[in-house]
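Let's take a walk through this protein together, one contact region at a time. Keep the 3D view open as you read.

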Amino acid sequence: MPYIPHTEDDVQAMLAAIGANSIEDLFDEIPAHLKAGKLEALPDGLSEMEATALMAARARQDAGALCFIGAGAYEHHIPAAVWEIATRGEYYTAYTPYQAEASQGTLQTIYEYQTLMARLTGMDASNASVYDGASGLSEAVLMALRANRKSKSSRVLVPQTVHPRYRQATDAICSNQNVELVSVPFDSAAGLTAVEALAPFAGEDFAALVIQQPNFFGALEDVHALTDWAHANNLLVIAVTNPTSLALLAPPGEWGTQGADIVVGEGQPLGVPLSSGGPYFGFMCCKQQHIRQMPGRIIGRTVDLEGKPGFTLTLQAREQHIRRSKATSNICTNQGLAMTAATIYASLLGPDGLEAVAAHCHANTRALVSKLTAVNGVSEVFSAPVFHEAVLRLPRKAADVLAALAQRNILGGYDLGQDYPELADCVLICATETRVEADLDAYAAALKEVLA
Amino acid sequence: MPYIPHTEDDVQAMLAAIGANSIEDLFDEIPAHLKAGKLEALPDGLSEMEATALMAARARQDAGALCFIGAGAYEHHIPAAVWEIATRGEYYTAYTPYQAEASQGTLQTIYEYQTLMARLTGMDASNASVYDGASGLSEAVLMALRANRKSKSSRVLVPQTVHPRYRQATDAICSNQNVELVSVPFDSAAGLTAVEALAPFAGEDFAALVIQQPNFFGALEDVHALTDWAHANNLLVIAVTNPTSLALLAPPGEWGTQGADIVVGEGQPLGVPLSSGGPYFGFMCCKQQHIRQMPGRIIGRTVDLEGKPGFTLTLQAREQHIRRSKATSNICTNQGLAMTAATIYASLLGPDGLEAVAAHCHANTRALVSKLTAVNGVSEVFSAPVFHEAVLRLPRKAADVLAALAQRNILGGYDLGQDYPELADCVLICATETRVEADLDAYAAALKEVLA
Amino acid sequence: LNHQLIYELSRPGRRASAQSPKALPAEALADIPAALRRQQKPGLPEVSELQVVRHYTNLSTRNFAIDKQFYPLGSCTMKYNPRGANRAAMLPGFLGRHPLAPESHSQGFLACMFELQEFLKEVTGMKGVSLTPMAGAQGEFAGVAMIRAYHEARNDDARTEILIPEAAHGTNPATAVMCGYKVREVPVNKDGDVDLEALKAACGPQTAGLMMTNPSTCGVFERQIDAIAKTVHEAGGLLYYDGANLNAILGKVRPGDMGFDVIHMNLHKTFATPHGGGGPGAGPVGVSERLTPFLPTPIVGKDGNTYRWLDQNDLPQSIGHLSAFMGNAGVLLRAYFYARVLGREGMIRVGEYSTLAANYLLKRLEAIGCTPAYPKRRASHEFILTFAKEAKELGVSAMDIAKRLLDYNQHAPTTYFPLLVPECFLIEPTETETKEALDEFVDAMVKILAEAKENPDLLKGAPYTQPVRRLDDVKAARELDLIWKDTA
Amino acid sequence: LNHQLIYELSRPGRRASAQSPKALPAEALADIPAALRRQQKPGLPEVSELQVVRHYTNLSTRNFAIDKQFYPLGSCTMKYNPRGANRAAMLPGFLGRHPLAPESHSQGFLACMFELQEFLKEVTGMKGVSLTPMAGAQGEFAGVAMIRAYHEARNDDARTEILIPEAAHGTNPATAVMCGYKVREVPVNKDGDVDLEALKAACGPQTAGLMMTNPSTCGVFERQIDAIAKTVHEAGGLLYYDGANLNAILGKVRPGDMGFDVIHMNLHKTFATPHGGGGPGAGPVGVSERLTPFLPTPIVGKDGNTYRWLDQNDLPQSIGHLSAFMGNAGVLLRAYFYARVLGREGMIRVGEYSTLAANYLLKRLEAIGCTPAYPKRRASHEFILTFAKEAKELGVSAMDIAKRLLDYNQHAPTTYFPLLVPECFLIEPTETETKEALDEFVDAMVKILAEAKENPDLLKGAPYTQPVRRLDDVKAARELDLIWKDTA
């Protein structure tokens, strides 16, 4: 009986203590016609050895390609210490830290994480993380609706340069509360959201403007102008950012004259493996005045009976287990392990290390752009400066080219035609610090071959 | 500066405290002409990312073959818990437990290990492990010389069925003390050491007889008769065993009427990966009366100031750091992590689990023998019953056949011609519980192809 | 001994150099406009690699964990998290796979996910499964959003209310509100069953659905489930099953057979994936036939021998994507491993042995003088004790007892939940704890009950053996200190 | 709280079933004669998987470790063990490689080993290296065995003595004896240098060699090394370098340049591989030109672009194989990783910063009133304090101070070694500890020295904060209890 310790003697002793004749007797309150059958569609159990061999074979099937896809998930070097520590039983198998005295490890780690994210984003507070960047945006939108006292609107301005999947998820989640995401077109030359594109919305009531930096195309928005426009028009600013980029780029807290109001993003680049899409974590930070509108767990520092400092869950009155239907959100987990990994990762990298990572990613992507645009018929699409991702136009449909590259074990980027029909011949590419010159050359050679 | 934490400020403050102007000043007692140059043959340092990528590529180079080699190192399933726990910082980065109060984790683990090995072998005591099975045999031989009060000889009988590398290592180590290993021929039909082969040595003075069970050919010696012969002739018996086999086979403590005196062997099959040959661990057990002659660390249970039980290094008066030139050995480490892994492994397997592993290995090897001997010209060589390894005769030189199989990514066994010129057309094969039917078929098919 | 913050260990210019690529010349970043660059370094800690390893290793030891202690946490199913599942999910092929990798490079992963979908269908008796929700609460959200989408698709737009028994988890009402519904609570009777008459009275054309768990958070099986399902369905509502308590009935009763239309499963409870100090979890949803068109995307489909993602194109009525990619893949892989190891027989044993353990622990605790909330009922995999008597007579609260348990190296049970039972413990031992572990918990309770009589102040001051004494939660909320400031 | 033995948790019939293959019918073993079968099951623990995980996780927490504490252990170089090295060595391709795999399937591994040999040659200034010795003591053995083989090959068989300075590690004399030599100790003068006159007097045609370390275990650099080498060589003996203290001079001075003929290196000291609670280590040996024919096998050679094992056939004069396979490969891979990360500059920094840290700590401890054994000397990477004064005046021993340090969360330094300095601490901070860590150690010593004056009994009763109080070693040795017996 895998993972079940009971011997036959144990079972008999336990049944005797209960006063039951068999385990089956314990289910005697259940109407007989509801009893399950034999679950015949389930396979026989395997030993750990067999299950491991099966999964190892499956994992090998998917391995070995050279990947140049970014689009919201980035392959970075992860120091070995990160997950060797994060998977220590004490982190890995601990429960939610409701019993604070027996959970100081997790709680202090979260407090350090909150400090980390607040410092990276330039904000006053952070929660303990939400599911991922996309669902984090949906929480930010709902939060902005609560927080913007100057607006009565359920509408939010969302530029098309925001990650398409973030827009979709936010729509899927928020439309249940009749929130409307109003699209803002992008400048097709620059690949940016021009402040001019916002002019038509001036004077209307919107709760917030979402600004992604770098945007989905890798391009760098004029965040200062956009932020100032929003504030001038009584919109809150929700920033969506890549944490690696924040080693280099102006933190949202310093955008424009007042800074962004809420910052969210995908935390995966900070020490979390690609891992087929998760578990990642969404980070969420805000200005002081909005803290009580922020959903999710928040840890505070306090003192114990003896005046010794300690950490505890705080502001629980916002949460579902206390406030039930009046909670700020139904969320009642955070992505604890991923967030722990990020905290360790950021400590190992430090400000200079993270900046060096960001710089190498950027330089590698620039080098890749050079090598690929040297191939006949390939060109860069947008004029705006970018950070570590770029859009290239191909002489053929991107989907076909990418399929041909995949046959050569090169995952050549993200097909923008999936989300932008007018960019069906465009790919979004990325080369992080994990790629070496030979990798870039391999891509260029394969592309040349495919396009020949 | 990888792994060095000092900032420029730290260095200046430290130098100031020392009263030195530079770090170089601290080396001013060293004659100038001895100062090293620039170590130009060393490469530039790499980042963890670069070093990991380099080694990952190297590791991939060697992976992927289907292995049927045993010959003293066996691929078994290792539960994930084993090394996830053994590499916890508290085990992995702890020092030798000289400060017992701060080392109870390691010490109790060793005490449990000693109990484990004593129980598996049927002996009274165990040390905390030695380097590996082969060097363990050399320690056992030197120990037998000290322990056998009835013998003044420096000669030991070592059958040819003992692992050739164990014999070589023991010779390399013990010959410095003028110990002579006297060879006993094996029965070429049975693949065993016949008691009759010992008869010519009766009446001569030998300190010990070494008996390996199962022997190097996988064959099962008549350990009872051999042990009784030795004791009748005033030799001590040194048993060499495979711990997996001890789940099934008579423990050395029960060999013959008195049992073996000293038991050693390679502990690797108990939860230690093949890992290119190490770190493994040699286990070493003995009868009560020989404990003080046993080399290596030994842990004892005692009490603390308050009478509470605790564990500590004991019998240190045998050891080099106390006794110096009069020590039982110069050994001053044990194979701590490997031995910790074995203790966890054995606890996870339990008596029934370890027996099931042994049975599967045996059944798989029997099945492999059947499939391979169905190939034209391939036959089993010896008549003795075996445990989980067997010798097959091929119609061609084994080295050539194995090379051809290796080209097909099958490591088909151990070429016995390396050590037994008369068996140059023979291979020693092994299929543990990790091999499935399809693996065995793949070997048979490849062999058929190679021999066609 | 170690409670400094990592930031307090920081020294300017210190770094874990092995982790940092070599610095590049400034030109490498020349194309990024200065106005968009950060002016000051972010205040990340500047520490050495050993400092980081030592700090977080030491910090971790300041936690209870399943790997170290027994956690009898009701409705949270803290069972053993197999280490084999961790190893399998951390295989480089899985860790390195980009979520947007083409299907040609994803067949291994997709095969696991497809099979997991099939396993979850079989074990719950549902017709369709989506793995994508990233936690129980997101699964709940997906479930209620599907109920809403179902009614909308039928233009049945008068349904504005979700019914919820008063014992329910707080996430249920919070979720209903996130999906734009009003919540109406339904009372529970003294034996822990839903008040059927009250339910009947509450049902009507405004009823979108009922959210409940069975066994309920009262730790008992809802015996009137047939009548409840009939009542809600006849009113045109749908039935939502909160899978938090699925462990109790795994392999014994299937939500689909009880008439539920939609279920979420907490894989970090029933399928033994780690809680990780609060996450990540995974909350797949299963649905009856009529809700399958609305499942959240993506789902794994199979064409011949090839697996592929089903997305909006395949499921135009889907409630959509709830995350950027496909959900918490690593958690799902761990659950897949667990399901493969358990297999058919193992799944059934989970319900059996968790129920055995709960009933044994209940009877033993009752025998030493604890008061069960529902003494006439079988425990499901969990049960409720109430310390209302002790609170009144001795002045010790359930919280005091909970904190004192920590001193006996036992994690406290869930306290003060469900809200309808005063001074309560909700206790769930799970199937993976030995009889001896349960007996040790009983022994600790014997001692604590004695202490409560002899020296109630001892309990009020507990715990004494943890890294900190009891913490001031009021101060934490009033004087918010959420991030560390160097000047503090 | 947890100190039961795993055997005490055992219950008949319990098992961690996921780890066990399915039982086979008895026929599967029918070919094994009954007389050779075991009659009774071996008494392995019968426990569940969670019990095992919980037991050993909890046990591990009863250890000090580099990952948790500072270990200022003289001559043991407890530096940070990079986690990256662990990950690299645990790559499936390395872990799964059979030691007897053909060279066609070993090129990746062999490349690493070949390069490690080259790196070790360069860093020590030796001409040949064998990686095979499995620990420092086996490296010593190989070294002295090579000296013996050298003399034997020259038929110089009158050489029966090994000279050893009195401050040497105990392994040195023990090794000499294992190699069939007699040991003659050489005195050390009051400044920690070898008594050169005594050495000269001791040298003669009976001298096989001299074993020493430099810097010595007195924590000082032997300034007369040229004269010593000349003396021994002129007498026909060879010079053996004990690499235990290599960290002090890594990249600064090379043993080969000092005239040593053979050296062993402790990779678990200088090359940052883990001590693992006592092992495994690795003890490669390096030799000067004249000893290369005698190196222990196997060694990795390179033909063109192909690596291969060099064995007895290539090295007919080799002292032979010292183990069944090639040594502690996994340890060597970790050292290889470390060497690659450090590179040329990094190697040099090891000697520099470990020496800086030692001299700093020495000066600070001297300033707070500790007594250095060699106050006129530079510390190498380590130094000696003597508490002879405190022992005499206050009645507290070095052991009492050592045990009290544990209460301050500091591992004790090496105590009572070298034997020639009474009541001593041998202290080695290594290059990987921060200045703050060193300062904390000084702070603890300040407090302990004050305690020694005010309340010496406090120290004699220490430690107070560990899982056990001070243990009775005498009872342990007198009433041997080495294995657990159910009846005990």
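## Two domains within chain A

In this predicted model, domain 1 of chain A and domain 2 of chain A share 8 residue pairs in polar contact, counting pairs with both residues at pLDDT 80 or more. How many salt bridges does the rule find across this interface? The count between domain 1 of chain A and domain 2 of chain A is 0 salt bridges. On the domain 1 side, helix H10 (336-373) and strand E12 (390-393) of chain A each bring at least two residues to the surface that touches domain 2. H10(A) gives the most there, with 5 residues. Sorted by class, this side of domain 1 has 20 nonpolar, 3 polar and 5 charged residues.

To find the two domains on your screen, use the domain assignment of chain A: domain 1 covers 66-75 + 350-451, and domain 2 covers 80-345. Their centres, taken over C-alpha atoms, are 28 Å apart. Where they meet, 28 residues of domain 1 of chain A are in contact with 34 residues of domain 2 of chain A. Together the two domains bury about 2300 Å², with 67% of that area on carbon and sulfur atoms. Three residues are worth picking out here: A:Leu354, A:Phe387 and A:Tyr420 supply 27% of the area that domain 1 buries against domain 2, more than any other three residues.

## Where chain C meets chain A

Now move from a contact inside one chain to a contact between two chains. Here 191 residues of chain C and 188 residues of chain A take part. Between them, chain C and chain A bury about 16700 Å², and 62% of this lies on carbon and sulfur atoms.

What about charged partners? The rule finds 12 salt bridges across the interface of chain C and chain A. One of them joins the side chains of C:Arg344 and A:Asp44, at 2.9 Å from N to O. The same interface of chain C and chain A also has 98 residue pairs in polar contact, with both residues at pLDDT 80 or more. Helix H10 (residues 329-367) of chain C contributes the most to the chain C side, with 26 residues. By class, that side of chain C is made up of 98 nonpolar, 49 polar and 44 charged residues.

## Two residues of chain C

Is C:Thr434 buried or exposed? C:Thr434 counts as buried because its relative accessibility is 6%, and the cut-off for buried is under 20%. You will find C:Thr434 in the loop between strand E12 (424-427) and helix H13 (435-454) of chain C. Setting aside residues up to four places away in sequence, C:Thr434 touches A:Pro5, A:His6, D:Arg14 and D:Gln51.

C:Asp443 sits in helix H13 of chain C. At 38% relative accessibility, C:Asp443 counts as partly exposed. In sequence, C:Asp443 and C:Leu365 are 78 residues apart, and in space their C-alpha atoms are 9.4 Å apart.

## A covered helix in chain D

For the last stop, look at helix H6 (residues 171-178) of chain D. This helix is mostly covered, with 7 of its 8 residues buried. The buried residues of H6(D) are D:Thr171, D:Asn172, D:Pro173, D:Ala174, D:Thr175, D:Ala176 and D:Met178. Just after H6(D) comes D:Gly180, with a positive phi of about 85°.

Key
Residues are numbered from 1 along each chain as its sequence is written. Chains are lettered from A and ligands numbered from 1 in the order in which they are written. This is a predicted model: local features need pLDDT of at least 70, side-chain atom pairs count only at pLDDT 80 or more; totals for chains, interfaces and linings use all residues. Side-chain values use heavy atoms; hydrogens and water are left out. Contact means heavy atoms within 4.5 Å. Buried area is the accessible area (1.4 Å probe) that two parts lose on being put together, summed over both. A salt bridge is a side-chain nitrogen of Lys or Arg within 4 Å of a carboxyl oxygen of Asp or Glu. A polar contact is a pair of N or O atoms within 3.5 Å; within protein, one must be able to donate a hydrogen and the other to accept it, and residues adjacent in sequence count only if both atoms are side-chain atoms. Helices (H or I, at least four residues) and strands (E, at least two) are DSSP runs, numbered from the N terminus. Ala, Val, Leu, Ile, Met, Phe, Trp, Tyr, Cys and Pro count as nonpolar, Asp, Glu, Lys and Arg as charged, and the others, Gly among them, as polar. Domain bounds come from an automatic or database domain assignment. Buried means under 20% relative accessible area, exposed over 50%, partly exposed in between (1.4 Å probe, protein chains only).
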